[in-house]
Amino acid sequence: MLLTYSEEIYMQPHQQEGETLHSMVQFAIEKEQEAIHFYENLAQKAKVKSIQEELLKIKAMEEQHKEKLKRFDLEILEKSTPKKMLDLKIADYVVETKVSVEMSWQDIINVAMHRELAAMKLYQVLSQRLSDPKVVQFFQHLASEESAHKLFFEKLWDEEVLKEN
């Protein structure tokens, strides 16, 4: 049975807050690593060089998230505030495409948009499960960054897919 990111979080056993925080960070690192592999594999499958380059840029963004999680430095986060991002909600209404070898640019945008939506929701759920304001802010900051990635793909969808149809 496949679970969503949020469902997987809720399936984890309840532990003491410190242990839960550690397991949440480890879980998020695993999800970022999955995203890195996903975008790397997708880039290898892409037949157009410009698409490959865009996918590798996104992979690099996910690598940055993984490094932030590994460092998990709450001191740095005290100096930054999560940004409220515009939400076009396109991913909320477009049916997710299945990953395949013959994916079009439209399919790639679709899958990426949905992955970023899932990552954003993961970090929102994690921020709601803890009480330490610094830790909550850490996960809200990551949710904000995933929201920015989602917005990037939603704008691409709007500019390249909706205008073509």
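This passage describes the helical architecture of a predicted model, with emphasis on helix H3 and the helices packed against it.

The protein chain contains seven helices and zero strands. Read from the N terminus, its elements follow the order α-α-α-α-α-α-α. The chain has 165 residues, of which 43% count as buried. Among contacts with a sequence separation of 6 or more, 76% join residues 24 or more positions apart.

Helix H3 covers residues 49-71. This helix has 23 residues and extends 33 Å between its first and last C-alpha atoms, close to the 33 Å expected at 1.5 Å a residue. The buried residues of H3 are Ile51, Leu55, Ile58, Lys59, Glu62, His65, Lys66 and Leu69. An α-helix has 3.6 residues a turn, so residues three or four places apart point the same way. After H3 comes Phe72, which has a positive phi near 40 degrees.

Two packed helices are described by the angle between their axes and the distance between the axes. For H3 and helix H7 (residues 133-162), the axes come within 11 Å and cross at roughly 175 degrees. Because angles over 145 degrees count as roughly antiparallel, H3 is roughly antiparallel to H7. On the H3 side, the residues in this contact are Glu54, Ile58, Met61, Glu62, His65, Lys68 and Leu69. Their counterparts in H7 are Phe138, Phe139, His141, Leu142, Glu145, Glu146, His149, Phe152 and Phe153. By class, the residues of the contact of H3 with H7 comprise eight nonpolar, three polar and five charged.

Helix H7 itself consists of 30 residues and reaches 40 Å from its first C-alpha to its last, close to the 44 Å expected at 1.5 Å a residue. At the start of H7, the backbone nitrogen of Lys134 is approached to within 2.8 Å by a side-chain oxygen of Asp132. Farther along the sequence, H7 includes Ser144, which is buried with a relative accessible area of 11%. The C-alpha atoms of Ser144 and Tyr123 are 8.7 Å apart in space, and the two residues are 21 residues apart in sequence.

Helix H3 also packs against helix H6 (residues 105-128), with axes that come within 12 Å and cross at roughly 10 degrees. As angles under 35 degrees count as roughly parallel, H3 is roughly parallel to H6. From H3, this contact involves Ile51, Glu54, Leu55, Ile58, Glu62 and Leu69. From H6, the participating residues are Trp105, Ile108, Glu116 and Tyr123. The contact of H3 with H6 has seven nonpolar and three charged residues, and no polar ones.

The 24 residues of H6 should span 34 Å at 1.5 Å a residue, which agrees with the 35 Å between its end C-alpha atoms. Of these residues, 17 are buried, so H6 is largely enclosed by the rest of the structure. One residue of H6 is Met113, which counts as buried at 0% relative accessibility. Met113 and Trp157 are 44 residues apart in sequence, and their C-alpha atoms are 8.7 Å apart in space.

Leu69 of H3 takes part in the contact with H7 and in the contact with H6. With a relative accessibility of 1%, Leu69 counts as buried. When residues up to four places away in sequence are not counted, Leu69 touches Val25, Ala28, Ile29, Glu32, Tyr123, Phe138, Phe139 and Leu142. Leu69 and Glu32 are 37 residues apart in sequence, with their C-alpha atoms 9.1 Å apart in space.

Val25, one of the residues touched by Leu69, lies in helix H2 (residues 17-45). This residue is buried, with a relative accessible area of 7%. Apart from residues up to four places away in sequence, Val25 touches Leu69, Phe72 and Phe139. Phe72 is the residue that follows H3, and Phe139 is one of the H7 residues that meet H3. Val25 and Lys70 are 45 residues apart in sequence, yet their C-alpha atoms are 7.9 Å apart in space.

Key. Residues are numbered from 1 along each chain as its sequence is written. This is a predicted model: local features need pLDDT of at least 70, side-chain atom pairs count only at pLDDT 80 or more; totals for chains, interfaces and linings use all residues. Side-chain values use heavy atoms; hydrogens and water are left out. Axes are lines fitted to C-alpha atoms, for helices over the stretch in contact, and angles run from 0 to 180 degrees between N-to-C directions. Helices (H or I, at least four residues) and strands (E, at least two) are DSSP runs, numbered from the N terminus. Angles under 35 degrees count as roughly parallel, over 145 as roughly antiparallel, 65 to 115 as roughly perpendicular and the rest as oblique. Contact means heavy atoms within 4.5 Å. Ala, Val, Leu, Ile, Met, Phe, Trp, Tyr, Cys and Pro count as nonpolar, Asp, Glu, Lys and Arg as charged, and the others, Gly among them, as polar. The expected span of a helix is 1.5 Å times one less than its number of residues. A polar contact is a pair of N or O atoms within 3.5 Å; within protein, one must be able to donate a hydrogen and the other to accept it, and residues adjacent in sequence count only if both atoms are side-chain atoms. Buried means under 20% relative accessible area, exposed over 50%, partly exposed in between (1.4 Å probe, protein chains only).
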